[in-house]
Amino acid sequence: EPRLAADIAGDARAVHWSSDGRRLLITAPSGVERLAVGDPADPTARVIDDFAWRLDKTGLRNQLVSAWVASVDGGEPRRLTDPTWEVLDARWLPDGRHIAVVADAEPDAGMRRMSEQAAVWRIAVDESAEPASLAQLPGGIAVVRPSPDGTCVAVVGKDFPRQPSWADNHLYVGDGTSLRRLGSELDRPVG
């Protein structure tokens with residue numbers, strides 16, 4: 001019989017099972033209103049202090065996307081990422097105790113295109129530890145996929161800063177210390 005696994009306000013963007021099948025990794029709105037002044041249901045005003053406050057076909061972006069974890073046995077879902085981060089992608093690491101997220105964690109992230117300086121971060125699920133950098137590129141990262149053994153990550157991103165989000169995405173593999181572009185002699189973007 002189907003049942004509600006996690007009650008998170010707003011629309012979930014993606015859901016991924018943990019390797020043991022006991023938890024879900026969910027990307028969904030942060031739950032923290034960032035633009036409204038006064039009552040969020042009927043705001044007195046809105047404070048607009050970044051470029052990504054509104055998107056075509058989406059409207060006002062009062063909440064950024066966060067990574068959440070929820071037990072399939074019930075209980076309250078927990079937000080794992082800072083509500084000021086815009087999470088572009090999130091995946092379980094094979095150990096089941098950490099996740100990899102793609103996000104721009106800088107305080108002025110809203111003043112750039114969403115993936116322009118996004119990096120990959122390792123975040124502990126069950127303990128309070130500072131996020132650790134796993135990979136970064138000068139033009140930002142859009143997607144991460146951990147290897148089955150957890151020793152490497154594959155990412156899609158850009159070599160050069162300030163490139164449009166649709167231009168020159170390339171595939172890289174890294175071990176947590178450096179990234180190596182695959183197929184650089186082909187001069188073909190990855191889509």
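User: In which strand is the place of Arg 91?

Analyst: In this predicted model, Arg 91 belongs to strand S9, which covers residues 87-92.

User: Why is Arg 91 called buried?

Analyst: The relative accessible area of Arg 91 is 19%, and the word buried is used for values under 20%, so Arg 91 falls on the buried side of that cut-off.

User: What makes the pairing of Arg 91 and His 16 a polar contact?

Analyst: The side chains of Arg 91 and His 16 are joined at 3.2 Å, and a polar contact requires a pair of N or O atoms within 3.5 Å, so the distance meets the limit. His 16 itself lies in strand S1, residues 14-17, and His 16 is likewise buried, because a relative accessible area of 18% is under 20%.

User: Which residues does Arg 91 touch when those up to four places away in sequence are not counted?

Analyst: Arg 91 touches His 16, Leu 25, Ile 99, Ala 100, Val 144, Arg 145 and Pro 146. With neighbours within four places in sequence left aside, the contacts of His 16 include Arg 23, Leu 24 and Leu 25, as well as Ala 90, Arg 91 and Trp 92.

User: How do you know that S9 pairs with strand S10?

Analyst: Pairing asks for at least two bridges between two strands, and five bridges join S9 to strand S10 (residues 98-103), so the requirement is met by these two strands, which run antiparallel. Within this pair, Arg 91 has Ala 100 of S10 as its bridge partner.

User: What makes S9 an edge strand?

Analyst: The open sheet consists of four strands in the order S9-S10-S11-S12, with antiparallel pairing. S9 and strand S12 (132-135) are its edge strands, since each of them pairs on one side only. From one strand to the next, the twist averages 30°.

User: What makes the link between Arg 91 and Asp 89 a salt bridge?

Analyst: The closest N and O atoms of Arg 91 and Asp 89 are 3.6 Å apart, and a salt bridge needs a side-chain nitrogen of Lys or Arg within 4 Å of a carboxyl oxygen of Asp or Glu, so the pair qualifies. Asp 89 is buried too, because its relative accessible area of 9% is under 20%. By this rule the count of salt bridges comes to nine.

User: Why is Asp 126 called exposed?

Analyst: Asp 126 has 53% relative accessibility, and exposed stands for values over 50%, so the term applies to Asp 126. Asp 126 forms a salt bridge with Arg 78, with the closest N and O atoms 3.6 Å apart. Because Asp 126 lies in the loop between S11 and S12 while Arg 78 lies in strand S8 (residues 78-79), this pair ties together parts that are 48 residues apart in sequence.

User: Why is Arg 78 called partly exposed?

Analyst: The relative accessible area of Arg 78 is 39%, which is neither under 20% nor over 50%, so the term for values in between applies.

User: Where do the partners Arg 122 and Asp 95 lie in the chain?

Analyst: Arg 122 and Asp 95 form a salt bridge whose closest N and O atoms are 3.6 Å apart. This pair links distant parts of the chain, with Arg 122 in strand S11 and Asp 95 in the loop between S9 and S10, 27 residues apart. Arg 122 is partly exposed at a relative accessible area of 30%, and Asp 95 is partly exposed at 33%.

User: Which residues have the most contacts inside the largest nonpolar core?

Analyst: They are Ile 99 and Val 101, in a core of 16 residues. The elements giving two or more residues to this core are strand S7 (65-71), S9, S10 and strand S11 (119-124). Apart from it lies another core of 13 residues, among them Val 120, Val 144, Val 153 and Val 155.

User: How do you know that strand S13 pairs with strand S14?

Analyst: Five bridges join strand S13 (residues 141-146) to strand S14 (residues 153-157), whereas at least two are needed, so the two strands, which run antiparallel, count as a pair. One of the bridge partnerships sets Val 143 against Val 156 in S14. The hairpin of S13 and S14 has six residues between the strands, and there Gly 150 takes a positive phi near 80°.

Key
Residues are numbered from 1 along each chain as its sequence is written. This is a predicted model: local features need pLDDT of at least 70, side-chain atom pairs count only at pLDDT 80 or more; totals for chains, interfaces and linings use all residues. Side-chain values use heavy atoms; hydrogens and water are left out. Buried means under 20% relative accessible area, exposed over 50%, partly exposed in between (1.4 Å probe, protein chains only). A polar contact is a pair of N or O atoms within 3.5 Å; within protein, one must be able to donate a hydrogen and the other to accept it, and residues adjacent in sequence count only if both atoms are side-chain atoms. Contact means heavy atoms within 4.5 Å. Axes are lines fitted to C-alpha atoms, for helices over the stretch in contact, and angles run from 0 to 180 degrees between N-to-C directions. A nonpolar core is a set of buried Ala, Val, Leu, Ile, Met, Phe, Trp, Tyr and Cys residues joined through side-chain atoms within 4.5 Å.
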